[in-house]
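Welcome! Here are a few short exercises on charged side chains, each with a worked solution. Have a look at the model, then try each task before reading on.

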Amino acid sequence: MISLVKQCRFSIFPFKYGLYPYIFLVYLFIPISFLWDEVGMKKLLGFFLLILFTVSYRQLYYITSHTSFSIWLGIQMVIICIQSIFYHYNFMYLSFFTVNFISWYLEKKQFHIAWGWLACTIGVPLVYHGFITHSFPFLNALPFVVVILAAPFGIRSMNKRMELESELDEANAKIKELVKREERTRIARDLHDTLGHTLSLITLKSQLVERLITKDKNRAKQEVKEIELTSRIALDQVRELVTSMKSHTIMEELIYVQDILQTANIQVHTNINIHMESLPIVEQSMLSLCLREAVTNIVKHSKASYCWIDLKDTVENTYLIVADNGIGQSREWGEGNGLKGMKERLSLINGTLTVHTTNGSVLEMQVPKVKKDVETYV
């Protein structure tokens, strides 16, 4: 019932535009004041055209068809031209209504055609009153003409900018959602690879204790102690997984990986040449995960004694380079999911991974910067 009432609700203009369309209706009082002094059929025809103009104004907010939109916009221009010639040149101020809709054309060709017709709509009354009736004050009207002709370009530029920023916000929201999905996949994989095996071991040992408890109590006690130890390991694994789920900045991750490398007797050299506030948290999170993956590989497989971590940026990209003097890309690293996981994470933010394995390993991660201030061309 409620949904039916909502469907039956009538509105003069779409709700999404708020009060904006209604404010423009105030300017209709100017032509009404001029028509009020007319008499006879001229007055009736003038009000009919003004009502038709108002209907076209409403229709343009609802029409989605390109052809119908152009027809109603053309009707507006014809009415403005007729009333500006046969009634009063001040009817040209109705062009402010039309300017707003001309800026809705997305294609440049369509926009320029509509703008050309707008120029004709104003130009014809100007020529008529200026050179035939000699009643048009050119100097007083010149600023108005300039504003009318320039306004469509300014409004179109603003609309395109707002549209680009909206698309950018949507893209960032999608990236964040993809990051969440990727993290869920990673957590599921980690649970299966680590905690799953540990719990399976506890299950097997529990079954073994059940069989030994009547046959070999000493062995059963020993197995129970091992179950306790294994359960503590499982608890530590859960804590580690929970910790890894938290978002870390690159600086926090650098502190973490430096401790890992130093514990493994690998000397680490870092070179940080970047303003962290310029790097969004999504990019930092992805790079942090890749940095941890790379350092974990160095500790496990590289047999390196030195590790270099270089973080820098240019106007267009951010670079994270992790290098070591080990044995190069190991078989375990090449065949495992390490490189694949890093590439998948970086692809979510349009990043790339380049690997060099001469005289050690060099992993170069490149992430393009997202520019919110996009130049808009008319």
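## Salt bridges, step by step

This predicted model holds five salt bridges. Three of them are worked through below, beginning with some background: side chains of opposite charge can pair when their charged atoms come close.

**Exercise 1.** Decide why Glu-38 and Lys-42 count as a salt bridge.

*Solution.* Step one: find the distance between the two side chains, which is 3.8 Å from N to O. Step two: compare it with the cut-off; the pair counts because a Lys nitrogen must lie within 4 Å of a carboxyl oxygen of Glu. Step three: look at the surroundings of Lys-42, which is partly exposed with a relative accessible area of 38%.

**Exercise 2.** Work out how Glu-223 and Arg-219 are placed in helix H9, and whether each is buried or partly exposed.

*Solution.* Step one: the two side chains meet in a salt bridge at 3.1 Å, N to O. Step two: both residues sit in helix H9 (residues 217–245), four residues apart, so about one helical turn separates them. Step three: Glu-223 has a relative accessible area of 5% and is buried, whereas Arg-219, at 36%, is partly exposed.

**Exercise 3.** Find which parts of the chain are linked by Asp-313 and Lys-369.

*Solution.* Step one: their side chains form a salt bridge of 3.0 Å, N to O. Step two: Asp-313 belongs to strand E2 (residues 306–313), while Lys-369 lies in the segment after strand E5 (362–368). Step three: the residues are 56 apart, and the pair links distant parts of the chain. Step four: Asp-313 is partly exposed at 23% relative accessible area, and Lys-369 is partly exposed at 29%.

Notes: Residues are numbered from 1 along each chain as its sequence is written. This is a predicted model: local features need pLDDT of at least 70, side-chain atom pairs count only at pLDDT 80 or more; totals for chains, interfaces and linings use all residues. Side-chain values use heavy atoms; hydrogens and water are left out. Buried means under 20% relative accessible area, exposed over 50%, partly exposed in between (1.4 Å probe, protein chains only). Helices (H or I, at least four residues) and strands (E, at least two) are DSSP runs, numbered from the N terminus.
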